Amino acid sequence: MIVNDFIEAIEELSPSYYAEDFDNTGLLIGKKSMEVTGALITLDALEAVVDEAIDNNCNLIISFHPIIFSGLKKLNQKTYVERVVHKAIKHDIAVYAMHTALDNVSNGVNGMICEKLGLKNTSVLIPKSKTIKKLTTYVPKANAEKVRNALFEAGGGSIGNYDLCSFNTKGIGTFNGNEKSNPTIGEPGKTQFEKEIQIHMTFSSHLQSRILKALFESHPYEEVAYEVETLENKDQHRGIGMLGELATPLGITETLSLIKEVFKTKVIRHSQLNDQPIKRIAVLGGSGAFAIENAKASKADLYITADLKYHDFYKAEDQIILADIGHYESEQYTKDLIHAYLTKKFPNFALVLSNINTNPIQYY
């Protein structure tokens, strides 16, 4: 097993293609070709976590938060970031960060929050746009099924809860190869009129290289005619935050007590409470003030997030209850999600779940 084996597995769960532009995800320290002795899963890659990796003979740390977020100009070990990077390099430990790539999938950070709360009928709070592309290609009628199936196998044609989706139109294609051409059908220098099928198929943007590889390998023509365009359609399986419903509506005090119990938080900062039953809940792990208006627009009764500022609570405007449960508290189960996923992918490999509480915030 090498580092790249883990990267490929992680990319299946949360493609780095969908990480936010401001983020710093991926392999931050180390080489893809390095043999892995063991992998430690953590929320934050702190110095104590590097020590934990060393103690457990793990030379790969898979972290949710990136230890290197902005540029490093020096490595003098004066800051906690510099010390982590220095120690990881000194002990030849690779560090990989997932962060917003895992935020932006429905079965990621926020899906886990919904699962812990027992929410049903879940959906993405803010679906991402421009993450769906459409392929159009032209195939001889006799080869259309083979090409379609190859594209399906590569991941094309999945729309929401449906797969094997395509649109096909009959037509006549024309071409005339020059003296250097080697056409599969027809002869060089002669115009060929061929019965063809025009195939339209959508696919997730991160699959483009795989889709085109399947197209070129399955298509019979020497020169494959195709077009790829980015669509404005929202992707209902990718985006930030989640919505869900409690199986049975609860009063607000019961709901807050449930949240405190599930997320083991000593305090919940919240906006003005009301007597309305809580049924529909929006969640966004980590800093989620930017999505307050989206939570309100979704008609959620309660919005669970973290890092709200004083004036953010005014934005509730008696339309929703805002609950700040703490940054660490909202994301704490993320490492369990990653560990469980990788355990299924690599059941016979040394995967260690970090025991260190990396929450920097303490309560008196």
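The lining of the largest pocket in this predicted model is made up of nine nonpolar, 11 polar and six charged residues. The space enclosed there amounts to about 800 Å³. In total, 26 residues line this pocket. Closest to its centre are Ser158, Ser204, His206, Leu207 and Arg238.

Helices and strands both contribute to the wall of the largest pocket. At least two lining residues come from each of α1 (3-13), β8 (192-204), α7 (208-218) and β10 (234-250). Strand β10 provides the largest share, with five residues. Arg238, one of the residues closest to the centre, falls within the span of β10 (234-250). Ser204, also in that central group, sits at the end of β8 (192-204).

The second largest pocket has a volume of about 490 Å³. Its lining comprises 24 residues. Those nearest the centre are His65, Pro66, Phe69, His99 and His327. Two or more lining residues are given by each of α3 (80-90), α4 (100-103), β12 (278-287) and α10 (327-331). Here, β12 supplies the largest share, four residues. His327, from the group nearest the centre, belongs to α10 (327-331).

By class, the lining of the second largest pocket holds 12 nonpolar, eight polar and four charged residues. For the largest pocket, the corresponding classes number nine, 11 and six. In each pocket, a strand gives the largest share of the lining: β10 in the largest and β12 in the second largest.

Definitions and conventions: Residues numbered from 1 in each chain as written. Predicted model: local features only at pLDDT ≥ 70, side-chain atom pairs only at ≥ 80, totals over all residues. Heavy atoms only, no water. 1 Å grid on protein atoms, 1.4 Å probe; cavity = no way out; pocket = protein on both sides within 12 Å on 5 of 7 lines; lining within 4 Å. Points joined across faces, edges and corners; volume = space filled by probe spheres on them. Nonpolar A, V, L, I, M, F, W, Y, C, P; charged D, E, K, R; others polar.
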